[in-house]
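User: Got a minute to go through this one with me? I'd like to start with the strands.

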Amino acid sequence: MRTSIRCFCVHLHDAGLVTANPARMLRRARCAPPPPRALHEDEQKRLLKVLGNATGPEAERDRMLVELLLGTGIRIGSALALDVEDVDFAHGEITLRTTKNDRPSTAMVPAGVARDLKAFVAGRTEGRRPREGTLEVAPAAGGAAPGRLAMEKAGEDLYRATWAG
């Protein structure tokens, strides 16, 4: 809108209809970058298909993480900060203690994602030493809280779980 007004005022000044350009003090509006675009349904299916075809503990962890993100809409930082105790399978809810604005909140978990997540975390709360590169629960040794998922950044957009003990 401002650009149109500025161009019109320049035309008026160039045509001699006004003595001074009335829009000379107008500045262009600063526009924020566009918001992030969500994946379309076909893109989500392709991503989950690729993750489903991969093998190994890292692939299992990555598939579960992506399913959780797509199913609940939570941010990656909130997902990586989850403890096993934060998931209420009986009510299909996840308590998010780490959020963008540091305001704890609750996210609903679809039944299919809750079922897969329950199977994924089954038996991972006993404090045993996890396999290398798997999303496991860290024991209380070494200052890590019991049931705390230990995550570290492995690449630009990939996260790797490590043992915090």
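User: How many bridges join β2 to β3?
Analyst: Four, and the two strands run antiparallel. Pairing here needs at least two bridges found by DSSP between two strands. Strands are DSSP E runs of at least two residues and helices are H or I runs of at least four, numbered from the N terminus. One facing pair is Glu 93 with Met 108 in β3.

User: Before we go on, what kind of model is this?
Analyst: It's a predicted model: local features need pLDDT of at least 70, side-chain atom pairs count only at pLDDT 80 or more, and totals for chains, interfaces and linings use all residues. Residues are numbered from 1 along each chain as its sequence is written, and side-chain values use heavy atoms, with hydrogens and water left out.

User: OK. What's the strand order in the sheet?
Analyst: β1-β2-β3, an open, antiparallel sheet of three strands. β1 (87–88) and β3 (105–108) are at the edges with a single partner strand each, so one side of each has no neighbour in the sheet.

User: And what links β1 to β2?
Analyst: A hairpin with four residues between the strands, where Gly 92 in the turn has a positive phi of about 70°. β1 pairs with β2 (residues 93–96) over two bridges, antiparallel. Val 87 sits opposite Ile 94, and Asp 88 is opposite Glu 93.

User: Which residues of β2 are on its covered face?
Analyst: Ile 94 and Leu 96; Glu 93 and Thr 95 make up the uncovered face.

User: Switching to helices. Which residues of α5 are buried?
Analyst: In α5 (residues 111–121), those are Val 113, Ala 114, Leu 117, Phe 120 and Val 121. They span an arc of only 125° around the axis, so they lie on the same side of α5. That arc is taken from the directions from the helix axis to the C-beta atoms. Buried means under 20% relative accessible area, exposed over 50%, and partly exposed in between (1.4 Å probe, protein chains only).

User: What do they pack against?
Analyst: α3 (57–72) and β1, with contact meaning heavy atoms within 4.5 Å. On the other side of α5, Ala 111, Arg 115 and Ala 119 are exposed.

User: Last one: where is Leu 39, and is it buried or partly exposed?
Analyst: Leu 39 is in the loop between α1 (2–14) and α2 (41–53). Its relative accessibility is 38%, so Leu 39 counts as partly exposed.
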